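I opened this notebook to record a set of look-ups in one structure. The entries follow in the order in which I made them.

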Amino acid sequence: EKIATDPVGSSLTFMIEGHLFDTGFINNALDLLEVHGHDFKILHWDVSPNREVRSTSKSRAVISVHAKNQGQLDNIVNGLESLAIAIPKAQAKVHQLSEAIKQTRSGPVVQLRGTTSDGKPISLVKPPTTDSTINFVSSSSSSSSS
């Protein structure tokens with residue numbers, strides 16, 4: 001998948017999904033980013049309660065991270081994947097999202113695409129600048145709960 005880069009460093013947008021909160025996975029994942037001094041922004045949350053009826057529901061977080069080089073981004077992904085192995089109850093998966101700039105009537109947007117662990121496509125859009133408020137709209141309209 002294509003990873004967006006810029007002249008001052010490299011950036012990556014990824015989605016983590018699993019039982020992120022009740023296992024503490026999200027805390028550990030964000031600590032991993034902070035300890036190594038990477039700039040990051042949580043772009044989107046999809047939090048599912050972990051009730052008995054919905055025990056198969058998983059939460060998702062889309063995070064954009066900026067590092068000095070591609071090697072640091074690779075280390076981030078490897079660290080998150082290792083964390084997923086270390087906390088098996090989280091059932092966490094890390095998915096890199098590809099980025100593409102798309103021109104719309106209201107101006108350019110960055111389109112993020114990937115696939116969830118259950119094979120459902122994910123497509124989110126955001127303004128191309130990192131300084132603006134980011135509002136994600138899922139273009140995959142299936143958001144059913146069972």
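**Entry 1: a loop residue**

I began with Gln91, which is placed in the loop between H2 and strand S5 (93–104). I note at the outset that the model is a predicted one. I looked up the backbone of Gln91 and found phi near 50°, a positive value in a residue other than glycine. I recorded this because most residues other than glycine have a negative phi. I then asked how accessible Gln91 is. The relative accessibility of Gln91 is 43%, so I entered this residue as partly exposed.

**Entry 2: the chain as a whole**

I next looked up the secondary structure and counted two helices and seven strands in the protein chain. Along the sequence I read the pattern β-β-α-β-β-α-β-β-β. The protein chain has 146 residues, and I noted that 38% of them are buried.

**Entry 3: the helix pair**

Two packed helices are described by the angle between their axes and the distance between the axes. I therefore looked up both values for H1 and H2. H2 covers residues 70–86, and its axis lies 10 Å from that of H1, at an angle of about 155°. H1 is therefore roughly antiparallel to H2, since an angle over 145 degrees counts as such. I entered the crossing of H1 and H2 as right-handed.

I also looked up one residue of this pair, Asp74, which is placed in helix H2. Asp74 has a relative accessibility of 37% and so counts as partly exposed. I compared its position with that of Leu12: the two are 62 residues apart in sequence, while their C-alpha atoms are 9.5 Å apart in space.

**Entry 4: salt bridges**

How many salt bridges does a search of the whole structure find? I obtained two.

In one of them Arg60 pairs with Glu17, and the closest N and O atoms are 3.0 Å apart. This pair links distant parts of the chain, with Arg60 in strand S4 (residues 59–67) and Glu17 in strand S2, 43 residues apart. I checked whether the partners are buried or exposed, and found that Arg60 and Glu17 are both buried.

Arg60 also meets Asp46 in a salt bridge, at 3.8 Å from N to O. Asp46 lies in strand S3 (residues 39–46) and Arg60 in strand S4, so this pair ties together parts that are 14 residues apart in sequence. I then looked up the accessibility of Arg60 and Asp46. Arg60 has a relative accessible area of 18% and is therefore buried, the cut-off for buried being under 20%. Asp46, at 33% relative accessibility, counts as partly exposed. I closed the entry by noting that Glu17, Asp46 and Arg60 are linked in a network of salt bridges.

**Entry 5: a nonpolar surface patch**

Which residues form a nonpolar patch on the surface? I listed Phe21, Trp45 and Val47, which together have about 290 Å² of accessible area. I followed up one of these residues, Phe21, and located it in the loop between strand S2 (9–18) and helix H1 (25–35). The relative accessible area of Phe21 is 40%, so I entered it as partly exposed. That value also fits the patch, because patch residues must have over 30% relative accessible area.

Note on methods
Residues numbered from 1 in each chain as written. Predicted model: local features only at pLDDT ≥ 70, side-chain atom pairs only at ≥ 80, totals over all residues. Heavy atoms only, no water. Patch = residues over 30% accessible without salt bridge, like charges linked within 9 Å, V, L, I, M, F, W, Y side chains within 5 Å. Areas by Shrake-Rupley, 256 points an atom, 1.4 Å probe, with all protein chains shown as cover. Salt bridge = Lys/Arg side-chain N within 4 Å of Asp/Glu carboxyl O. Helix = DSSP H or I, 4+ residues; strand = E, 2+ residues; numbered from the N terminus. Buried < 20%, exposed > 50% of the residue type's maximum accessible area, 1.4 Å probe, protein only. Axes fitted to C-alpha atoms, helices over the stretch in contact; angles between N-to-C directions. Parallel < 35°, antiparallel > 145°, perpendicular 65-115°, else oblique. Left-handed = near helix turned anticlockwise from the far one by under 90°.
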